[in-house]
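Here are my notes for you on this model, set out as numbered points. Please keep the structure open beside them and look up each element as it is mentioned.

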Amino acid sequence: MQAELKALIFDVDGTLADNERDGHRVAFNRAFAEAGLDWDWDVPTYDILLGVFGGKERIHYFIKRYRPVFAAPAGLDAFVRNLHRRKTEHYVNLLKSGAIPLRPGVARLLSEAHAAGLKLAVASTTTPENVTALLTATLGERSVAWFEVIAAGDVVPHKKPAPDIFRHALDRLGLAAAECLAIEDSESGLAAAKAAGLATVITVNAATRQHDFTGAAIVLSDLGEPGQGFEVLAGEAAGATYVDVAFLRRLHAGQ
Ligand code: XBP
Ligand code: MG
């Protein structure tokens, strides 16, 4: 790419932290139990439900597909909204308890990129307070200010795989897609980033390893650390073993 790399736009769930199965899933189940529902999302069910982005959207889909005769006590939308609000509280409490660490290389890359003057942004489907709670719990309160833009949740009409949240982040950054790189973990996330014109680095996790990542700039097991390198699943790392700012600049220039 001709343009200089000016910003990194991070997905959150599955990318910054491996937080779906042991974080979000647990929080959903706690909210269901508390509401007296006999719904319990085990890992295989949750892996299917992860195809639907957004917690409220996921609950709606579950009811439609698995509990078609369920009659919500109030209107369905209000019922799901309230249930999801409690889910968010449970999730934030899980984060505060230290249950969810960042993935390998994330803390290192964020602090290096911030120090190098790259702008940092988030483009996520999750609820905004989940993002600030994750950053605060793992990197401390001041890390939230490293991010010029935290684009998350219902601020756009269409969630991933639609490109809306990445376009929104680019607008707020005041940058062109060619000046940025996205970091994602899922096929839908890649589709969203690509449709917004962004070159994308993929770090897979157990739930996304089998996804189709055609069109990604590179597909890695994780960001890697100096002593514990990544595995390259697709693309060319040119001898690098972990992702740092120099690696991202080279990758971006080659797009
Ligand atoms: C992943 C999602 C989210 C979370 C749950 O978002 O789809 O819905 O699973 O969060 P991303 P909420 O990978 O874009 O970060 O319940 O707050 O929606
Ligand atoms: Mg994700």
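1. In this predicted model, the axes of helix 4 (residues 76-96) and helix 6 (residues 128-139) come within 9 Å and cross at roughly 10 degrees. Because angles under 35 degrees count as roughly parallel, helix 4 is described as roughly parallel to helix 6. On the side of helix 4 the contact is made by Lys87, Thr88, Tyr91, Val92 and Leu95, while helix 6 contributes Glu129, Asn130, Ala133, Leu134 and Ala137. Sorted by character, the residues of this contact between helix 4 and helix 6 comprise six nonpolar, two polar and two charged.

2. Turning to the sheet, you will find that it is open, that it has seven strands in the order 3-2-1-4-5-6-7, and that its pairing is mixed. Strand 3 (147-152) and strand 7 (232-234) are the edge strands, each of them pairing on one side only. From one strand to the next, the twist averages 25 degrees.

3. Is strand 5 (residues 199-203) largely enclosed or not by the rest of the structure? Five of its five residues are buried, so strand 5 is largely enclosed by the rest of the structure. In a regular strand, side chains alternate between the two faces of the sheet. Here Ala199, Val201 and Thr203 point one way from strand 5, whereas Thr200 and Ile202 point the other way, and all are buried.

4. Which strands pair with strand 5 in the parallel sense? One is strand 4 (residues 180-184), which pairs with strand 5 in the parallel sense over four bridges, and in this pairing Ile183 stands opposite Val201. Between these two strands the chain passes through helix 8 (residues 187-195), and the resulting β-α-β crossover from strand 4 to strand 5 is right-handed. The other is strand 6 (residues 218-220), which pairs with strand 5 in the parallel sense over three bridges, with Val219 of strand 6 as the bridge partner of Ile202.

5. The mixed pairing of the sheet can be followed further at strand 6 and strand 7, which run antiparallel and are joined by two bridges. Val219, already met as the bridge partner of Ile202, also stands opposite Ala234 in strand 7.

6. Two helices should be looked at together with the sheet. Helix 7 (residues 164-173) packs on the sheet and touches strand 1 (7-10), strand 2 (119-124), strand 3 and strand 4, and its direction makes about 150 degrees with that of strand 3. Helix 8 lies across strand 4 and strand 5, running at about 165 degrees to strand 5. The buried residues of helix 8 are Ser188, Gly189, Leu190, Ala192 and Ala193, and what covers them includes helix 7, strand 4 and strand 5. Just after helix 8, Gly197 takes a positive phi of about 90 degrees.

7. One charged residue also deserves a careful look. Glu20 lies in helix 1 (residues 20-34), and its relative accessibility is 14%, so Glu20 counts as buried, the cut-off for that label being under 20%. If its neighbours within four places in sequence are left aside, Glu20 is in contact with Asp13, Arg25, Tyr46, Leu50 and Arg58.

Conventions:
Residues are numbered from 1 along each chain as its sequence is written. Chains are lettered from A and ligands numbered from 1 in the order in which they are written. This is a predicted model: local features need pLDDT of at least 70, side-chain atom pairs count only at pLDDT 80 or more; totals for chains, interfaces and linings use all residues. Side-chain values use heavy atoms; hydrogens and water are left out. Axes are lines fitted to C-alpha atoms, for helices over the stretch in contact, and angles run from 0 to 180 degrees between N-to-C directions. Angles under 35 degrees count as roughly parallel, over 145 as roughly antiparallel, 65 to 115 as roughly perpendicular and the rest as oblique. Contact means heavy atoms within 4.5 Å. Buried means under 20% relative accessible area, exposed over 50%, partly exposed in between (1.4 Å probe, protein chains only). Two strands pair if DSSP finds at least two bridges between them. A crossover is right-handed if, with the strands pointing away from the viewer, the path from the first strand over the helix to the second runs clockwise.
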